Amino acid sequence: MNPRPPAIRTKAETALADSFAHASASLPGGDAVRGLRTRAFDVFHERGLPNRRVEAWHYTDLRNFMREAYPIASGASVAPASGLRVIIHDGVCTLPSCALPVGLKLTAMRDALAGASDDLIHALFPDQGADDAMVAFNAAMARDGVLIEVAPGAQIDATIELSFTSSGDAPHGDISRSLVLVGEGARASIVESHAAPVKVQRNSALIFSIKAEASLSHVFETCADSPELHVSTLIAEVGQDASFSSLAFVSAGEVLRRQAFVRGSGERAKIALRGVSLLKGKQHADTTLVVEHAVPHGESRELFKTILDGEASGVFQGKVVVKPHAQKTDGGMKSQAILLSDDASMYNKPELEIFADDVVCGHGATVGQLDEDQIFYLMARGIPRVQAEGMIIEGFAREVLEFVEDETIRERLGAELSGWLARRAS
Amino acid sequence: MLTITDLHANIDGKEILKGLSLTVKPGEVAAIMGPNGSGKSTLSYVVAGRDGYEVTEGSIVLNGEDILAMDAHERAAKGIFLAFQYPLEIPGVTTMTFLKAAMNAQRKQRGEEELTTPDFIKRVRAAADKLGVSQEMLRRALNVGFSGGEKKRMEVLQMVLLEPKIAILDETDSGLDIDALRIVAEGVNALRSPDRSFLVITHYQRLLDYIVPDSVHVLSAGRIVKSGDKELAHELEKNGYRDYVADAA
């Protein structure tokens, strides 16, 4: 590696590099982890903050969005939550105090890293996304997070909550890396929420390893006071006959980059990625997916809907890769956006890379305004324009929310959607 | 009931209606027939209040009140109902949600109490049963995946529930087979009453065998060029619109 790579040149990049230099000796993990962190940092150091010359980040120029890197919080534990809720506060894990369901084990990542097995290290630092500068920086710097282990065959009915919060003192950065291991035939669901009372730059990574015949559903949601800048990485490996579904509900935050690297590594793995983004003001939200089918008979579905008002900008980049032996892959990807204002913009970029010849893969991407014919139809029935527009937008977004299995979460997200529309109308 | 006087209307700077006058009395079923491009659909949109049409001259008066300045939703609350030629699909909005929103939006504008849920459901059930609209259809997103016949039956269901003073049927027969046409016509006929009028817009005489009009008007090049009774429809069926197209030109 080049000790003085040319890419590091902005003030923020220098600050991030300095923070690693200061922290590296005290980061948890043995020699193997230390070696991985150093290599990961080299990746970041070589590339610097992602910018528009990096294709995967073309529409989200982080070098521009992150002129200044806030100091990374050292963090401390907080009071444990009463329910089945893990708190990641300033990047530091606090486990719940309640008794856990049978088959579920929770460990703070800082503890898991001390004396981690090779398997755990391998799972926590997968190759997927490792070339991405922000994933690399996360790997280098993450001090904590949570390790969630679901024993083979365990059926966890209660939803595991992962609540990311921040202290309210001064602008800061926080970094965490969490791992979810779902054993063979097990089933669990996780909901991840992100709050931040002050200006926070967050880099969170959530890694899933889903073994054969297991099933995991995941929901990501923003809170009213979300981080100013958030890079959220999701990495998943889905085994034979296993299923993984992830749904994102984005309605807050200033700059959000959600990137998912998902691989179907066992036959008949089922992958479903969906999302609704409600953006206004100067909000910017980027959803970038890399879905890889490595073996035959895999299935993937992606459905993303974006509603943009004001000067908001949205990005959808979805890449489905079908490897040479992944015959009979069944893939379908759709991204639809509605622009409510002339100043809003949406970048839609679906991509298919297919190296097998016997597959069914399709994609569709649309960007449009509200349909005046639909509005007139509702108005001709007595519904005023603003209410008619609201109904159409709500219906558009609800087509995604219908996929949320947990009724409580589905209703909560539905209420947030209605609230967003009501605020728009008022 | 409805009095249209010397109506001129443009869309995108092109004049489509060129001095149309028409009176529909309470309880009357008036049929508007005309060749393609004569302005039939424009007439229905302009009366219902669709944005984008510019009325340059004339008036539309409903029960003594000029409605031209009103938005479409206000006209609906005043009792104008347009049954669409091509009903729109509204993904993600269930038919029940839509029906309730429409009924209550009209009631609210008229200063009436909103319907209670049990009262609403009772009304929908009763009307749906008569029209052969299944509960399953009511639970689905509005018109999404409905057949042509189902969509038209849904239009009639809305008409029954919204109890308009004047209903405009815009080419309601298009895309319907004979059985679906009969069901739709029976639904309309059941609504005929001395204080409700209909404006039946159609290209063919066929629909008028099922919904028998009191008067028939020929629309050509944006004006009513001939009015008569139901015999006029038969005459048009036999001779076509040629005479009237020539007249207008």
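This passage describes a sheet in chain A, a helix pair in chain B and the contact between the two chains, all taken from a predicted model.

A good place to start is chain A, where nine strands form an open sheet with mixed pairing, in the order β3-β4-β6-β8-β10-β12-β14-β16-β18. Its edges are β3 (104-108) and β18 (345-354) of chain A, each of which pairs on one side only. From one strand to the next, the twist averages 10°. Within this sheet, β14 (residues 284-293) and β16 (residues 313-322) of chain A run parallel and are joined by ten bridges; L289(A), for instance, has G318(A) in β16(A) as its bridge partner. Helix α6 (residues 133-141) of chain A lies across β6 (172-182), β8 (200-210) and β10 (229-238) of chain A, and runs at about 85° to β8(A).

Turning to chain B, helices α6 (residues 148-162) and α7 (residues 178-191) of that chain pack with their axes 9 Å apart, at an angle of about 5°. With an angle under 35 degrees counting as such, α6(B) and α7(B) are therefore roughly parallel to each other. On the α6(B) side, the residues that meet α7(B) include G149(B), R153(B) and V156(B), while α7(B) contributes A180(B), I183(B) and G187(B), among others. By class, the residues of this helix contact comprise eight nonpolar, two polar and two charged.

The two chains also meet, through 22 residues from chain B and 18 residues from chain A. On the chain B side, α2 (72-78), α3 (95-109) and α6 each supply at least two residues, and α3(B) gives the most, with five residues. This side of chain B divides into 15 nonpolar, five polar and two charged residues.

Technical notes:
Residues are numbered from 1 along each chain as its sequence is written. Chains are lettered from A and ligands numbered from 1 in the order in which they are written. This is a predicted model: local features need pLDDT of at least 70, side-chain atom pairs count only at pLDDT 80 or more; totals for chains, interfaces and linings use all residues. Axes are lines fitted to C-alpha atoms, for helices over the stretch in contact, and angles run from 0 to 180 degrees between N-to-C directions. Helices (H or I, at least four residues) and strands (E, at least two) are DSSP runs, numbered from the N terminus. Angles under 35 degrees count as roughly parallel, over 145 as roughly antiparallel, 65 to 115 as roughly perpendicular and the rest as oblique. Two residues are in contact if their C-beta atoms, placed from the backbone, lie within 7 Å. Ala, Val, Leu, Ile, Met, Phe, Trp, Tyr, Cys and Pro count as nonpolar, Asp, Glu, Lys and Arg as charged, and the others, Gly among them, as polar. Two strands pair if DSSP finds at least two bridges between them.
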